[in-house]
Structures are given as structure tokens and as C-alpha cells.
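Visitor: I should like to learn how to read the features of a protein model. May we begin once the model is in view?

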Amino acid sequence: MSKGSPGPTPGFLVWRLANKWRVAVDRATAPLGLTHAQYSLVASLHGMRRTGERPSQRQLADHTGMEALYVSKLARSLEAAGLVERARDPRDPRAVRLALTEQGATVARQAVDVVQDLLQQLLEPLGGLDADRTRAFTEELTTLLDVPLAPTAPRPGGTAAEPTTDPHAQGETP
């Protein structure tokens with residue numbers, strides 16, 4: 001923790017909350033054969049499908065905030081499970097377009113329902129999904145997520161500079 005802070009830092013709390021929610025979604029979607037990361041992909045594809053989009057892996061990576069390589073790996077595993085179709089984009093042979101199969105759409109709808117129920121439960125302390133406090137919380141998180149990460153300045157010798165403070169020494173986990 002920082003010298004001026006008697007309790008956990010915001011970064012530590014965000015990290016803990018993200019892990020708590022990831023574990024909760026993993027447990028909730030496991031009966032459907034999905035991990036939290038896989039759920040994020042099929043739920044995003046489900047939403048995009050409803051608006052007529054068939055995103056590339058890169059577009060889906062940008063949408064979810066995941067690394068493109070990780071999206072590619074997840075898409076291959078979801079394809080092997082029969083939930084996602086991957087196809088080369090005829091206009092850009094480097095791009096791979098993704099779509100849910102019919103089975104994938106069914107699983108996605110079920111998973112979205114399960115996770116919506118879970119979110120209602122997890123957000124109950126703020127008044128539930130439709131509460132003013134939840135809307136304010138969502139706005140604050142969006143504000144933080146909209147800030148681009150500044151690149152780390154390179155050190156002499158070509159390695160990245162260390163942060164000015166060590167978050168681990170403060171009891172914070174990235």
C-alpha cells in the first residue's frame with residue numbers, strides 16, 4: 001500500500017474484483033462448457049450478430065480488450081467445440097472472420113442469461129443491474145477503461161524502464 005493510504009489501493013481492489021468476477025463467471029458458465037474468456041467471445045459475437053456484424057478476430061480483440069493472439073487461440077478452441085466458424089475474409093486474406101454456429105448461438109443465449117442472473121446477484125450491493133449506483137459505477141469504470149495506456153519509456157540498453165514505485169512492494173498486484 002502507498003504511504004498515504006491506510007487501506008488497499010484502487011489498483012489492488014480492481015484486480016481483486018476482476019478476479020472475483022472471472023471466477024464467478026467461470027463457475028456459472030462451466031456447465032455450458034465455457035470459460036469466462038470463451039464466454040466473452042461468444043457473448044460478444046452474439047451481440048454483434050444481432051446487429052448484422054461478422055467481425056474479424058482483430059475487431060473482436062479490440063471489442064473485448066483481449067490480445068489478438070489470445071482471441072485467435074480461443075476462436076480455434078470454440079471452432080473445435082462446434083460453437084464458432086472461422087473463415088478467411090475474401091477482401092483481406094490476412095483477416096479471419098468469426099461467426100457463431102447455430103449451436104454456438106444457442107449456447108451464447110443460454111450463457112448470456114446465466115451471466116445476467118449472476119451479474120444481478122453480484123451487483124445487488126449496489127442495488128442490482130438497473131440501479132443508479134450501478135450506472136454510476138459503470139460510468140466510472142468506463143472512464144478508467146477509456147484512458148489509453150502510456151508506453152513505457154525505454155531504458156538505456158533497450159529494456160523498458162521500471163515504474164517509479166513498485167506496486168508489489170505496496171501490497172498491490174497489477
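**Reading the model, feature by feature**

Guide: We may start with open space: the largest pocket holds about 1,400 Å³. Please keep in mind throughout that this is a predicted model.

Visitor: Which residues lie nearest the centre of the largest pocket, and how many residues line it?

Guide: A pocket is read through its lining. Here the lining has 35 residues, and A18, W21, H36, L141 and L145 lie nearest the centre.

Visitor: Which helices each supply at least two residues of that lining?

Guide: They are helix 1 (10-29), helix 2, helix 3 (57-64), helix 5 (102-122) and helix 6 (132-145). Helix 1 gives the most, with 11 residues. By class, the lining of the largest pocket is made up of 19 nonpolar, 13 polar and 3 charged residues.

Visitor: How should the overall architecture be read, and how many helices and strands are there?

Guide: One counts the elements and then follows their order. The protein has 6 helices and 2 strands, and along the sequence they follow the pattern α-α-α-α-β-β-α-α. Of the 174 residues in the protein, 30% are buried. Among contacts with a separation of 6 or more, 47% join residues 24 or more positions apart.

Visitor: Where is confidence lowest and where is it highest among the elements, and how does the protein score on average?

Guide: Confidence is read from pLDDT, which averages 87 over the protein, with 84% of the residues scoring at least 70. Strand 2 (residues 92-100) has the lowest mean, 92, and helix 5 the highest, 97.

Visitor: Over which residues does pLDDT stay under 50?

Guide: That is the case over residues 162-174, for which the model has 17 contacts beyond four places in sequence. Where pLDDT is low, the predicted coordinates should not be read in detail.

Visitor: Let us turn to a single helix. What span should helix 2 have, and what does the model show?

Guide: The length of a helix can be checked against its number of residues. Helix 2 has 15 residues and should span 21 Å at 1.5 Å a residue; its end C-alpha atoms are 21 Å apart, which agrees. Just after helix 2, G52 takes a positive phi of about 85 degrees.

Visitor: Why is helix 2 described as largely enclosed by the rest of the structure?

Guide: The description rests on a count of buried residues: 11 of the 15 residues of helix 2 are buried, so the helix is largely enclosed. Those buried residues include Y39, L41, V42, L45, H46 and M48. The buried residues of helix 2 pack against helix 1, helix 3, helix 4 (68-80), strand 1 (84-89), strand 2 and helix 5.

Visitor: What does V42 touch, and is V42 buried or exposed?

Guide: A residue is read first by its accessible area and then by its contacts. V42, found in helix 2, is buried because its relative accessible area is 1%, under the 20% cut-off. Not counting residues up to four places away in sequence, V42 touches L34, L78, L100 and A108. Sequence distance and spatial distance may also be set side by side: V42 and V112 are 70 residues apart in sequence, and their C-alpha atoms are 9.1 Å apart in space.

Visitor: With which residues is H46 in contact?

Guide: H46 also lies in helix 2. Leaving aside its neighbours within four places in sequence, H46 is in contact with L100, A108, R109 and V112. H46 is buried, with a relative accessible area of 11%.

Visitor: May we apply the same steps to helix 4? Which of its residues are buried?

Guide: The buried residues of helix 4 are V71, S72, L74, A75 and L78. They pack against helix 2, helix 3, strand 1 and strand 2. Helix 4 has 13 residues and reaches 18 Å from its first C-alpha to its last, close to the 18 Å expected at 1.5 Å a residue. Just after helix 4, G82 takes a positive phi of about 80 degrees.

Visitor: Finally, what does A87 touch?

Guide: A87 lies in strand 1 and is partly exposed, with a relative accessible area of 30%. Residues up to four places away in sequence aside, A87 touches R54, A95, V96 and R97. The C-alpha atoms of A87 and S56 are separated by 9.1 Å, although the two residues are 31 apart along the chain.

Conventions:
Residues numbered from 1 in each chain as written. Predicted model: local features only at pLDDT ≥ 70, side-chain atom pairs only at ≥ 80, totals over all residues. Heavy atoms only, no water. Helix = DSSP H or I, 4+ residues; strand = E, 2+ residues; numbered from the N terminus. Buried < 20%, exposed > 50% of the residue type's maximum accessible area, 1.4 Å probe, protein only. Contact = heavy atoms within 4.5 Å. 1 Å grid on protein atoms, 1.4 Å probe; cavity = no way out; pocket = protein on both sides within 12 Å on 5 of 7 lines; lining within 4 Å. Points joined across faces, edges and corners; volume = space filled by probe spheres on them. Nonpolar A, V, L, I, M, F, W, Y, C, P; charged D, E, K, R; others polar. pLDDT = per-residue confidence, 0-100. Expected span 1.5 Å × (residues − 1).
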